[in-house]
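Hi everyone, and thanks for making time for this. I'd like to walk you through a structure that may be new to you, so please have a look at the screen.

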Amino acid sequence: MTSRSAAVLATGTAHTAKLFVTALVFTGAYVGFSAYDTANSAPTQTLSLASQTAEVATPVATPVTAATSAPGSIAVSVLRSGGCRSDLTASSVAVNADPSSTLLYGWRLMRWSPTSKKWHAHLAEHAGFSGSKRTVAWETRVVDNPGWYRIDLTVKGGTTVKSDRFQVTC
């Protein structure tokens, strides 16, 4: 009986180790993929708030606007804001070059790191559709994490569209 228990324990440990290594490899690949185009979109101390899209504050001082969007742009709106929580929605128009196939796309909420001077993926979601053109939308939430953010939309085989940056404050 002891040898069976030891064999089951060893097998479970080996599977756990394999899953852990796989997770580390995937995370490393994702972080490497997401570290792109950081310098051009970095917030600077010389920019005034008037030059920003909006400030998401509690209460919302200047609402994020642009309820409609077009291909090549992202509209960001505040759904709800209170305490140190902001519920946001982003939308854009995605155009499928081959309407007979599925167009895959991904949303990412990017957060600016003043320490590393880079944008980092904070949240992500992937989806797809078939057809020629569709307005795509994503709802996301920022809780207890004030800072500068932007939302990126990446379409498979296309380019990445970036929203203007906005600030969440508590």
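Let me start with a question: are Asp152 and Arg150 buried or exposed? Keep that in mind while I give you the overview, and I'll come back to it.

Please remember throughout that we are looking at a predicted model. The protein has 170 residues, and 32% of them count as buried. There is one helix, and there are nine strands. If you follow the sequence from the start, the helix comes before the strands, giving the pattern α-β-β-β-β-β-β-β-β-β.

Two more numbers for the whole protein. About 10200 Å² is exposed, and 60% of that comes from carbon and sulfur atoms. Then take the contacts between residues at least 6 apart in sequence: 59% of them join residues at least 24 apart.

Now, back to my question. Asp152 and Arg150 are both buried. They also form a salt bridge with each other, with the closest N and O atoms 2.7 Å apart. As a general point, side chains of opposite charge can pair when their charged atoms come close.

How many salt bridges does a search of the whole structure find? The search gives three. You have just met one of them, Asp152 with Arg150, so let's turn to Asp87. Its side chain meets that of Arg85 in a salt bridge, at 2.9 Å from N to O. Asp87 also forms a salt bridge with Arg141, and here the closest N and O atoms are 2.7 Å apart. Arg141 sits in strand β6, residues 133-143, while Asp87 sits in strand β3, residues 85-95, so this pair ties together parts that are 54 residues apart in sequence.

How covered are these three residues? Asp87 has a relative accessibility of 2%, so it counts as buried. Arg85 is partly exposed, at 35% relative accessible area. Arg141 is partly exposed too, with 41%. Through shared partners, the salt bridges join Arg85, Asp87 and Arg141 into one network.

Let's move on to the aromatic rings. The structure holds four aromatic pairs, and I'd like to show you two of them, starting with Trp107 and Trp138. Why is this pair called stacked? The ring centres are 6.0 Å apart and the planes are at 15 degrees, so the pair counts as stacked. For anyone wondering about the cut-off, planes under 30 degrees apart count as stacked. This pair links distant parts of the chain, with Trp107 in strand β4, residues 102-113, and Trp138 in strand β6, 31 residues apart. Trp107 is buried, with a relative accessible area of 2%, and Trp138 is buried as well, at 4% relative accessibility.

The other pair I picked is Trp112 with Trp119. Their ring centres are 5.4 Å apart and their planes are at 65 degrees, so this pair is edge-to-face. Both rings belong to buried residues: Trp112 has a relative accessibility of 7%, and Trp119 has a relative accessible area of 2%.

For the last part, please find strand β7 on your screen, residues 147-155. How many of its nine residues are buried? Seven are, which leaves the strand mostly covered.

Which strands does β7 pair with? Let me go through some partners. One is β4, which runs antiparallel to β7 and is joined to it by seven bridges. There, Gly106 stands opposite Thr154 of β7. Another partner is strand β9, residues 166-168, which pairs with β7 in the antiparallel sense over three bridges. In that pairing, Trp148 has Gln167 of β9 as its bridge partner.

Then there is strand β8, residues 160-162, also antiparallel to β7 and joined to it by three bridges. Thr154 comes up again here, standing opposite Thr160 in β8. The hairpin of β7 and β8 has four residues between the strands, and in this hairpin Gly157 takes a positive phi near 80 degrees.

If you'd like one picture to take away, try β7: seven of its nine residues are buried, and seven bridges join it to β4. Thanks for listening, and I'm happy to go back to any part of this.

How values were computed. Residues numbered from 1 in each chain as written. Predicted model: local features only at pLDDT ≥ 70, side-chain atom pairs only at ≥ 80, totals over all residues. Heavy atoms only, no water. Helix = DSSP H or I, 4+ residues; strand = E, 2+ residues; numbered from the N terminus. Buried < 20%, exposed > 50% of the residue type's maximum accessible area, 1.4 Å probe, protein only. Contact = heavy atoms within 4.5 Å. Areas by Shrake-Rupley, 256 points an atom, 1.4 Å probe, with all protein chains shown as cover. Salt bridge = Lys/Arg side-chain N within 4 Å of Asp/Glu carboxyl O. Phe/Tyr/Trp six-rings, centres within 6.5 Å; stacked < 30°, edge-to-face > 60°. Pairing = 2+ DSSP bridges.
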